[in-house]
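I wanted to look at the aromatic rings in this model and at what sits around them. These are my notes.

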Amino acid sequence: KMLLAIRDQIRIKHPEFDLKLVYSGDRTDSKEDVKKDLEKAKMLKEKYPDFIVGFDLVGYEDEGNTTYYYIDTFLDNPDMPYYFHDGETKSFENKDMYDAVLLNSKRIGHGLNLFYFPNLEKELIKRDLALEICPISNQALNYIQDFRLHPARGYLQRGVPCVISSDDPAIFQNIGITFDFWVACMAWDLDLKALKQLALNSIKYSSINKVEKQKALEAWETKWNIFIENLAQKNY
């Protein structure tokens, strides 16, 4: 209720704004606890069908349980949309992304180690399944050292659907997503066309419905056109 109240307050000034919540459990929890979390998510989704959009597991994959560890709970709830946080690792041994795809995850958080699995990469392209790329988080947590060597640069070049995300802005003290877009632009040598596509992907692969997406696209295109006009007037 508090989050919905905040959303409505923001809409006074920005009527196009929307907010959806993916209810999350923790991958260090027991199977029984995750099962209870999923039951809570189902209850909340029934009560707030336009606000609660799905379920996820968060936490360090290298230290927590695999996605497959909870497979019975996930298979017992096929109607729950999943947004799995998988592939946030440098390890070739971690195969969580396979299970995320097989469980029809709506998006995949991070997907950092996808480059180890070329056939899975092709499957993401085929399914039009997006990765949530979090460059600053990946460096802060020591998954990469140099932004220029981030695997997402290759994913974009090969046509893997990607969106730019900030992961944990409250923890890392980076307000908003501008910093992550700036890093991606500078480190991956992105042009204006690529930045536009990434921004559009944020709407395309979001969890809002078709009507909400159309409204968001119209609002975004208006602001984008103003941005381009201002850019052209600066005569760079």
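The entries below cover ring pairs, their burial and charges over ring faces.

Entry 1. I am working from a predicted model. I searched the whole structure for aromatic pairs and got 13.

Entry 2. I took Y69 and Y70 from that search. Their ring centres are 4.9 Å apart and the planes meet at 85 degrees; edge-to-face requires over 60, so I logged the pair as edge-to-face. I then checked accessibility for each partner. Y70 is buried, at 1% relative accessible area, whereas Y69 is partly exposed, at 36%.

Entry 3. I asked which other rings join these two. Ring pairs link Y69 and Y70 with F74, Y82 and F84 in a cluster.

Entry 4. I looked at W224 and F227 next. The ring centres lie 5.3 Å apart with the planes at 50 degrees, which is neither under 30 nor over 60, so I logged this pair as tilted. Both residues belong to helix α11, which spans residues 210-233. They are 3 residues apart there, so about one helical turn separates them. W224 has a relative accessible area of 15%, under the 20% limit, and therefore counts as buried. F227 is partly exposed, at 38%.

Entry 5. I checked for charges over ring faces. K31 lies over the face of Y69, 4.6 Å from the ring centre. Y69 thus appears twice in my notes, since its ring also pairs edge-to-face with Y70. K95 is placed over the face of F92, at 4.5 Å from the ring centre.

Technical notes
Residues numbered from 1 in each chain as written. Predicted model: local features only at pLDDT ≥ 70, side-chain atom pairs only at ≥ 80, totals over all residues. Heavy atoms only, no water. Phe/Tyr/Trp six-rings, centres within 6.5 Å; stacked < 30°, edge-to-face > 60°. Buried < 20%, exposed > 50% of the residue type's maximum accessible area, 1.4 Å probe, protein only. Helix = DSSP H or I, 4+ residues; strand = E, 2+ residues; numbered from the N terminus. Lys NZ or Arg CZ within 6 Å of the ring centre and 35° of its normal.
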